[in-house]
Amino acid sequence: MPLDDQGILLSLNEVAERRGLHYMTVYRHVRTGRLPAIKQNGEWKVRESDLEGPTTPSTATPGNADLGSRIPAFIDRLTAGDEPGCWAILENCLSAGAEAPALLHELIVPAMALVGDRWSTGDLKIVSEHTATTIAHRLVARLGPMMRNKGRSRGTIVLGAVAGDTHALPVAILADILRSNGFSVIDLGGNTPAESFAELAQSSDQCRAVGISASIPADDELREAVAAIQAVDPVLPILLGGRGIRDADHAHALGSDGYATGSYEVVELFERCIADPAKPASATYD
Ligand code: B12
């Protein structure tokens, strides 16, 4: 545990352990300003003294909504095709104090990942996966207006799924997550041709970065999209991500300027690369 001039600094894992909270709950408290924290070498740290006050509500209080515990019921309603039931769970979380972006980060994203895992192990039929996906799309659309940040835009991000990849849902979710953090986002949806990324990168007012999602392996298509964008703007940050990319090395080999997997980390990655537009050609942001 390092010390600064104001005492002992704790990592978010240490705070989670002491408070009996999930790591993501502590992270959310930091990101929403409920718990004061500072960044040291790219890592969030909390002063031990800041834990003494009544800053972080326990998971048992309604203000926290304890989103993780709602995932099983939410998946159950999703795969049953029960949109009103899903919406009731989301409304319940909102009235318990959860913020709309947290519903994406901590309920819908992990629920869809589990739906995919259960499909891939044969535990869930493809029809239920399709049903869940259709409802998830509709829920994301209903939450969308709550994600708009009223302040001045931090710039435009062009986002889409690479050619051949029909997974438009991850793009829609990431688009709203980035909007809730103050960015304008042009969402190109699934199966986006390389030229469309390039055309918008060049023509969009204040385009600050392009994000390309690949939920399935698509190395050739990703390389093609990166080359098309670089041909119109050699210094525009390009970020690649999604389940079709194995790790940071893979992303870099395909031409990505950074890599992240968790949804909170994805926001930080975009923030970092946009904050440093004068990056040298070799800079990476992960
Ligand atoms: C919904 C879904 C579908 C829907 C898509 C509909 C739609 N309109 O989107 C349907 C049913 C049609 C479908 C089809 C297929 N799917 Co599918 N699908 C999913 C599922 C269940 C959820 C996707 C989702 O929305 N997730 C929520 C998002 C937010 O999470 P995420 O994608 O993981 O994204 C996070 C990070 O990866 C990252 N990220 C994502 N994009 C980007 C981009 C940037 C720039 C950055 C920085 C970060 C980043 O940030 C996100 C936040 O944490 C996933 C399971 C899963 N684990 O995701 C499988 C999954 C992606 N599908 C899979 C497969 C295999 C397929 C099919 C090939 C199945 C088949 N045999 O037909 C087809 C492919 C069709 C095609 N050519 O595109 C596999 C892919 C495995 C792989 N990588 O090789 C998965 C992972 C399921 C699994 N566990 O096996 N699918």
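Me: I'll start with Val 15, which sits in helix H1 (residues 12-19). How is H1 delimited, and is Val 15 buried or exposed?

Reply: Some ground rules before that. This is a predicted model, where local features need pLDDT of at least 70 and side-chain atom pairs count only at pLDDT 80 or more, while totals for chains, interfaces and linings use all residues. Residue numbers start from 1 along each chain as its sequence is written. Helices (H or I, at least four residues) and strands (E, at least two) are DSSP runs, numbered from the N terminus. For burial, count the other C-beta atoms, placed from the backbone, within 10 Å of a residue's own: 20 or more is buried, 12 or fewer is exposed, and in between is partly exposed. Val 15 is buried because it has 25 of them within 10 Å.

Me: And which residues does Val 15 touch, leaving out those up to four places away in sequence?

Reply: Contact means that two C-beta atoms, placed from the backbone, lie within 7 Å. By that test, and with residues up to four places away left out, Val 15 touches Leu 10, Val 26, Val 46 and Leu 51. You can also look at C-alpha distances: Val 15 and Glu 48 are 33 residues apart in sequence, yet 8.5 Å apart in space.

Me: Now Ser 49. Where is it, and why does it count as exposed?

Reply: Ser 49 is in the loop that links strand E4 (43-47) with helix H3 (71-79). It counts as exposed because it has 11 C-beta neighbours inside 10 Å. From Ser 49 to Leu 10 it's 39 residues in sequence and 10.0 Å in space, C-alpha to C-alpha.

Me: What about Phe 74, over in helix H3?

Reply: Phe 74 is buried, since 24 other C-beta atoms lie within 10 Å. Beyond four places in sequence, Phe 74 touches Cys 86, Ile 89, Leu 107 and Ala 111.

Me: Let's zoom out. How many helices and strands does the protein have, and what share of its residues is buried?

Reply: There are eleven helices and eight strands, and buried residues make up 40% of the 286 residues. Of the contacts with a separation of 6 or more, 70% join residues 24 or more positions apart.

Me: How do I read the four-strand sheet with E6 in it?

Reply: Pairing comes from DSSP: two strands pair if at least two bridges are found between them. Here four strands form an open sheet in the order E6-E5-E7-E8, with parallel pairing. Strands E6 (184-187) and E8 (238-241) are the edges, each pairing on one side only. Neighbouring strands are turned by 20° against each other on average, direction ignored.

Me: Which bridges can I trace myself?

Reply: Take the pairs in turn. Strand E5 (residues 156-161) runs parallel to E6, with four bridges between them, and Val 158 has Ile 186 in E6 as its bridge partner. E5 and E7 are joined by six bridges; Ile 157 is partnered by Ala 209 in E7. E7 and E8 share four, with Ser 213 partnered by Gly 241 in E8. E7 is mostly covered, as six of its seven residues are buried.

Me: How do I describe two packed helices, say H5 and H6?

Reply: You give the angle between their axes and the distance between the axes. Axes are lines fitted to C-alpha atoms, for helices over the stretch in contact, and angles run from 0 to 180 degrees between N-to-C directions. The axes of H5 (residues 100-120) and H6 (residues 126-143) come within 10 Å and cross at roughly 170°. That makes H5 roughly antiparallel to H6 (under 35 degrees is roughly parallel, over 145 roughly antiparallel, 65 to 115 roughly perpendicular and the rest oblique). Residues that meet include Leu 104, Ile 108 and Trp 119 in H5 and Ala 132, Ala 136 and Leu 139 in H6. This contact has 13 nonpolar, no polar and one charged residues (Ala, Val, Leu, Ile, Met, Phe, Trp, Tyr, Cys and Pro are nonpolar; Asp, Glu, Lys and Arg charged; the others, Gly among them, polar).

Me: Last one: which residues come nearest to the ligand?

Reply: A residue is near a molecule or strand if its C-beta atom, placed from the backbone, lies within 6 Å of it. Of the 38 residues around the ligand, Gly 116, Leu 169, Gly 211, Ser 213 and Gly 241 come nearest. H5 gives the largest share of the shell, seven residues. By class, the shell has 17 nonpolar, 17 polar and four charged residues.
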